[in-house]
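This report introduces a protein chain to a reader who has not met it before. The sequence and the model are shown first, and a description of strands, turns, core and confidence follows.

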Amino acid sequence: MTKISIIKKIQLGEERSLPLHHPDAELCFSFYCGSGKIKHEAVLSFASSNFLRSLTESGQLSNYDLAQNYVTKLQDLEDQNRNFPYRYQFYNSKECNNDYLIIFDINEYRDYYGIFVYAVLQIEKN
Ligand SMILES: [Zn+2]
């Protein structure tokens with residue numbers, strides 16, 4: 001089984017909440033690595049992502065590591081009764097050859113859809 005180690009949390013700009021035209025649409029999300037020198041563009045969508053919980057339930061990643069990297073509070077991650085909408089997608093950049101874990105959710109409010117990005121983590125898979 002692949003274990004995921006978190007290297008660091010990537011600093012994100014203000015644009016973490018983005019409109020989605022349709023719940024099945026693809027959205028281009030950009031962030032920077034290498035002290036802001038390299039711009040990455042990841043395509044996020046419902047279809048290409050999965051529940052973050054599936055990674056922690058399979059033991060690839062721990063809730064503790066996520067909380068340590070300020071994805072969200074440990075008590076929220078461990079609350080079984082809470083509807084947990086966080087999704088994830090892996091992204092590999094050929095420019096820097098780094099792997100990233102992008103954590104977001106797709107929300108709906110009165111027929112308007114949006115993506116909110118909680119965190120982008122630089123990771124290593126071993
Ligand atoms: Zn990079």
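## Strand pairing, turns and core

Strand β6 (residues 87-92) and strand β7 (residues 99-109) run antiparallel and are joined by six bridges. The model in which this pairing appears is a predicted one. At one place along the pair, Asn 92 has Asp 99 of β7 as its bridge partner.

Strand β7 also pairs with strand β8 (residues 112-125), again in the antiparallel sense, over 11 bridges. Within this pairing, Tyr 109 is matched with Tyr 112 of β8, and Asp 105 stands opposite Phe 116 of β8.

Strand β8 has further pairings. Strand β1 (residues 4-9) runs antiparallel to β8 and is joined to β8 by five bridges; here Lys 8 stands opposite Gln 122. Strand β2 (residues 17-20) pairs with β8 over four bridges, also in the antiparallel sense. The bridge partner of Ser 17 in β8 is Phe 116, the residue that Asp 105 also faces.

The pairings described above are collected in the table.

| Strand pair | Sense | Bridges |
|---|---|---|
| β6 and β7 | antiparallel | six bridges |
| β7 and β8 | antiparallel | 11 bridges |
| β1 and β8 | antiparallel | five bridges |
| β2 and β8 | antiparallel | four bridges |

Two of these pairs form hairpins, which deserve a separate description. The hairpin of β6 and β7 has six residues between its strands. Asn 97 is found in this loop, and Asn 97 takes a positive phi of about 60 degrees although this residue is not a glycine. Is Asn 97 buried or exposed? Asn 97 is exposed, because only 12 or fewer other C-beta atoms within 10 Å are allowed for that class and Asn 97 has 7.

The hairpin of β7 and β8 has two residues between the strands. Arg 110 lies in the loop there and has a positive phi of about 50 degrees, although Arg 110 is not a glycine either. Arg 110 is likewise exposed, with 4 other C-beta atoms within 10 Å.

The interior of the model is described next. The largest nonpolar core has 20 residues, and those with the most contacts inside this core are Leu 44, Tyr 88, Leu 101, Ile 102, Ile 103 and Val 120. At least two residues of the core come from each of β3 (27-33), β4 (38-44), α1 (52-57), β7 and β8. Strand β7 gives the most, with five residues. In soluble globular proteins, nonpolar side chains tend to be buried together.

Which residues is Leu 44 in contact with, leaving aside its neighbours within four places in sequence? The contacts of Leu 44 are Leu 27, Phe 29, Ser 49, Gln 89, Ile 102, Phe 104 and Ile 115. One of these, Ile 102, is itself among the core residues with the most contacts.

Finally, the confidence of the prediction may be considered. The protein chain has a mean pLDDT of 91, and 100% of its residues reach 70 or more. Confidence is highest in β6, at 97, and lowest in helix α3 (residues 74-78), at a mean of 84.

Definitions and conventions:
Residues numbered from 1 in each chain as written. Predicted model: local features only at pLDDT ≥ 70, side-chain atom pairs only at ≥ 80, totals over all residues. Pairing = 2+ DSSP bridges. Core = buried A, V, L, I, M, F, W, Y, C linked by C-beta atoms within 7 Å. Contact = placed C-beta atoms within 7 Å. pLDDT = per-residue confidence, 0-100.
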